[in-house]
Amino acid sequence: MPRQPPRLTTARLSLRRPEEADATEILEILSNPSVVRHNPSDRVTQLDDVDALVRRWLRHWEQHGFGNCGVFEEETGRLVGNCGVRWTTIHEERVLNLMYRFHPSTWGRGYATEAVAAVVGWAQESLPGEIVVARIRPSNRASQRVAAKVGLRRDPDFDGEGDDGLDWAFTDRAITFSSP
Ligand SMILES: CC(C)(COP(=O)(O)OP(=O)(O)OC[C@H]1O[C@@H](n2cnc3c(N)ncnc32)[C@H](O)[C@@H]1OP(=O)(O)O)[C@@H](O)C(=O)NCCC(=O)NCCS
């Protein structure tokens, strides 16, 4: 199984495996109601719960050599978000679930697009043939726009009920339509 390099870097960001010491900055993002507006079940308000979440992310890293990353602004060193892929099963098919979340103070600067493009690029190169799936609430237009900007397309075969209701799937699968 290919391992993600210690750092993925973009023009303004670097992405690396999270550490338990990142929990306080992650809590600042995940406890913010605007961040979880479309996925309220993901809200975390206690440091203990973030510690448990980071440990879960790290278990995936230990088992598979890649996973959810902390995203750092190169200029300031600040942790501004998280982004990565992890294995999940949708409709009995194993796929790479793409995740991304950023602190609202950074929204609108292209950070999500930059980080997501690096992660999807890594996945396509290192895990060829695997399907990358972003599961996005129908109301979450900003996230849909990010998915579209990195080349993912609506793929209703992978739509499904998430913890907060219907999730639309956006994937990198080359969809071919058979003629009638
Ligand atoms: C979704 C999210 C990651 C986007 O982060 P970001 O750094 O602002 O993203 P970018 O700047 O790279 O791109 C955002 C795009 O969405 C567009 N956008 C923002 N709000 C929008 C809205 N309400 N409707 C339509 N488009 C919107 C922006 O104009 C931009 O597109 P453009 O470059 O074509 O102008 C960020 O808003 C976030 O963390 N949201 C909360 C967590 C979340 O929803 N994560 C995704 C879960 S599936």
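In this report, Ala, Val, Leu, Ile, Met, Phe, Trp, Tyr, Cys and Pro count as nonpolar, Asp, Glu, Lys and Arg as charged, and the others, Gly among them, as polar. With that in hand, let us look at the structure above, which is a predicted model.

**Around the ligand**

The ligand is surrounded by 21 residues, and the closest are Ala112, Thr113, Arg141, Ala142 and Arg145. Two or more residues of this shell come from each of strand S5 (93-102), helix H3 (111-126), strand S6 (132-136) and helix H4 (141-149). Which element gives the most to the shell around the ligand? That is H4, with five residues. Sorted by class, the shell holds 10 nonpolar, seven polar and four charged residues.

**The chain as a whole**

Now step back and view the chain from end to end. It has four helices and nine strands, and along the sequence they follow the pattern β-β-α-α-β-β-β-α-β-α-β-β-β. For 180 residues, a compact globule would have a radius of gyration near 16 Å, and the chain agrees because its own value is 16 Å. Along the principal axes, the C-alpha atoms fill a box of roughly 55 × 35 × 30 Å. Among the contacts with a separation of 6 or more, 58% join residues 24 or more positions apart. Of the chain's 180 residues, 33% count as buried.

**The nonpolar cores**

The largest nonpolar core has 37 residues, and those that touch the most other members are Leu98, Ala115, Val116 and Val119. Strand S2 (13-16), strand S3 (69-73), strand S4 (79-90), S5, H3, S6, H4 and strand S9 (165-171) each supply at least two of its residues. H3 provides the largest share of this core, eight residues. Apart from this core lies another one, of eight residues, including Ala23, Ile26, Leu27 and Leu30.

Which residues does Val119 touch, leaving out those up to four places away in sequence? They are Leu8, Leu15, Cys83, Gly84, Val85 and Leu98.

**A closer look at H3**

Helix H3 gives residues both to the ligand shell and to the largest core. At 1.5 Å a residue, its 16 residues should span 22 Å, and the end C-alpha atoms are 23 Å apart, which agrees. The buried residues in H3 are Tyr111, Ala112, Ala115, Val116, Ala118, Val119, Val120 and Ala123. A general rule helps in reading such a list: an α-helix has 3.6 residues a turn, so residues three or four places apart point the same way.

**Some exposed residues**

Are Arg59, His91 and Glu92 buried or exposed? A residue counts as exposed if 12 or fewer other C-beta atoms lie within 10 Å of its own. The table shows how each one fares.

| Residue | Place | Other C-beta atoms within 10 Å | Class |
|---|---|---|---|
| Arg59 | helix H2 (residues 47-64) | 11 C-beta atoms | exposed |
| His91 | loop between S4 and S5 | 10 C-beta atoms | exposed |
| Glu92 | loop between S4 and S5 | 5 C-beta atoms | exposed |

The two loop residues have something else to show. His91 has a positive phi of about 45° although it is not a glycine. Glu92, also not a glycine, has a positive phi of about 70°.

As for Arg59, its C-alpha atom is separated by 27 Å from that of Trp168, and the two residues are 109 residues apart along the chain.

How values were computed:
Residues are numbered from 1 along each chain as its sequence is written. This is a predicted model: local features need pLDDT of at least 70, side-chain atom pairs count only at pLDDT 80 or more; totals for chains, interfaces and linings use all residues. A residue is near a molecule or strand if its C-beta atom, placed from the backbone, lies within 6 Å of it. A nonpolar core is a set of buried Ala, Val, Leu, Ile, Met, Phe, Trp, Tyr and Cys residues joined through C-beta atoms within 7 Å. A residue is buried if 20 or more other C-beta atoms lie within 10 Å of its own, exposed if 12 or fewer, and partly exposed in between; C-beta atoms are placed from the backbone. Two residues are in contact if their C-beta atoms, placed from the backbone, lie within 7 Å. The radius of gyration is taken over C-alpha atoms; the globule rule is 2.2 Å times the number of residues to the power 0.38. The expected span of a helix is 1.5 Å times one less than its number of residues.
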